[in-house]
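The following questions and answers concern one structure and proceed from a single element to the whole chain.

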Amino acid sequence: MKKLLLHTCCAPCSTAVIEKLSRSTDFLITAFFFNPNIHPITEYERRKTELKTYLDKMDIPYLDRDEEILWRDQAKSWFAEVKGVEWASEKSRQRCEPCIRLRFETTAQQAKYRGFDVFATTLSISPYKDAEQINRLGLAVAKDTDIPFLEADFKQDGGYSRSIDLSRQEKMYRQNYCGCVFSRLERKHYVKIRP
Ligand code: SF4
């Protein structure tokens with residue numbers, strides 16, 4: 001069995017991904033929450049708490065770097081990464097590229113440091129996310145850090161609808177924006193921003 005470090009963006013997206021990976025006898029999963037993109041901090045804490053509750057229920061071990069790095073410092077590094085493309089829309093994927101890469105780099109570094117065999121992410125389950133972009137970034141980070149990335153498109157084969165069913169069944173909080181302050185403005189106030 002390979003030890004897999006799974007970057008998890010939130011509880012609802014994690015449900016169907018964990019279910020699918022758990023069915024395979026190939027992986028021993030540990031979840032990792034590293035998402036300095038999420039704003040404001042109340043939302044960050046809410047998503048993290050929801051995820052922890054679910055992981056405890058599923059008996060999935062969990063790795064959290066918040067004890068080592070303050071959310072404020074994580075957020076600073078996120079804003080530095082997206083500087084110059086922050087007002088590009090989620091749809092354009094320009095802003096998402098550095099955001100996703102930053103989260104993958106930390107996940108891969110942690111995976112290597114802690115002796116995991118492979119890393120992966122829940123992100124591709126979202127219909128708003130481009131699996132080609134996610135896999136391309138994952139493979140690039142894998143090459144740089146010398147730790148394999150598990151390519152996937154978890155939204156396929158009914159994965160996304162399964163995540164909705166499971167999260168409803170668990171009565172989970174489901175957010176209505178991806179995570180960053182810009183995606184929040186985009187959804188909440190229908191701000192027209194660059195395509
Ligand atoms: S929309 Fe989501 S993936 Fe894209 S930059 Fe914002 S938080 Fe990151």
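**Helix α5, the ligand shell and the overall fold**

Q: Which residues of α5 are buried?
A: In this predicted model, a residue counts as buried if 20 or more other C-beta atoms lie within 10 Å of its own. In α5, the residues that satisfy this criterion are Ile134, Leu137, Gly138 and Val141.

Q: Within what arc do the buried residues of α5 fall, seen down its axis?
A: The buried residues are Ile134, Leu137, Gly138 and Val141. They line one face of α5, because their directions from the helix axis fall within an arc of 100°.

Q: Which residues are exposed on the other side of α5?
A: A residue is exposed if 12 or fewer other C-beta atoms lie within 10 Å of its own. On the side of α5 opposite the buried residues, this description applies to Glu132 and Lys143.

Q: Against which elements do the buried residues of α5 pack?
A: Contact here requires C-beta atoms that lie within 7 Å. By that criterion, the partners of the buried residues of α5 are α4 (96–113) and β4 (118–121).

Q: What distance does α5 reach from its first C-alpha to its last?
A: Helix α5 covers residues 131–145, 15 residues in total. At 1.5 Å a residue the expected value is 21 Å, and the helix is close to it, reaching 21 Å.

Q: Which residue follows α5, and what is its phi?
A: The helix covers residues 131–145. The residue that follows α5 is Asp146, with a positive phi near 65°.

Q: Which element supplies the largest share of the shell around the ligand?
A: The ligand is surrounded by residues including Arg95, Cys96, Cys99, Ile100, Cys178 and Phe182. Both α4 and α7 (181–188) supply at least two residues of this shell. The largest share, 3 residues, comes from α4.

Q: How many residues of the shell around the ligand are nonpolar, polar and charged?
A: Among the residues that surround the ligand are Asn37, Glu90, Gly179, Cys180 and Ser183. With Gly counted as polar, the shell divides into 6 nonpolar, 3 polar and 2 charged residues.

Q: What is the radius of gyration of the protein chain?
A: The chain has 7 helices and 4 strands, in the order β-α-β-α-β-α-α-β-α-α-α. The globule rule gives 16 Å for 195 residues, and the chain is close to this value, so it is as compact as a globular protein of that length. Its radius of gyration is 16 Å.

Q: What percentage of the residues in the protein chain is buried?
A: The C-alpha atoms fill a box of roughly 45 × 40 × 35 Å along the principal axes. Of the 195 residues in the chain, the buried ones make up 39%.

Definitions and conventions: Residues are numbered from 1 along each chain as its sequence is written. This is a predicted model: local features need pLDDT of at least 70, side-chain atom pairs count only at pLDDT 80 or more; totals for chains, interfaces and linings use all residues. The expected span of a helix is 1.5 Å times one less than its number of residues. The arc is that of the directions from the helix axis to the C-beta atoms. Two residues are in contact if their C-beta atoms, placed from the backbone, lie within 7 Å. A residue is near a molecule or strand if its C-beta atom, placed from the backbone, lies within 6 Å of it. The radius of gyration is taken over C-alpha atoms; the globule rule is 2.2 Å times the number of residues to the power 0.38.
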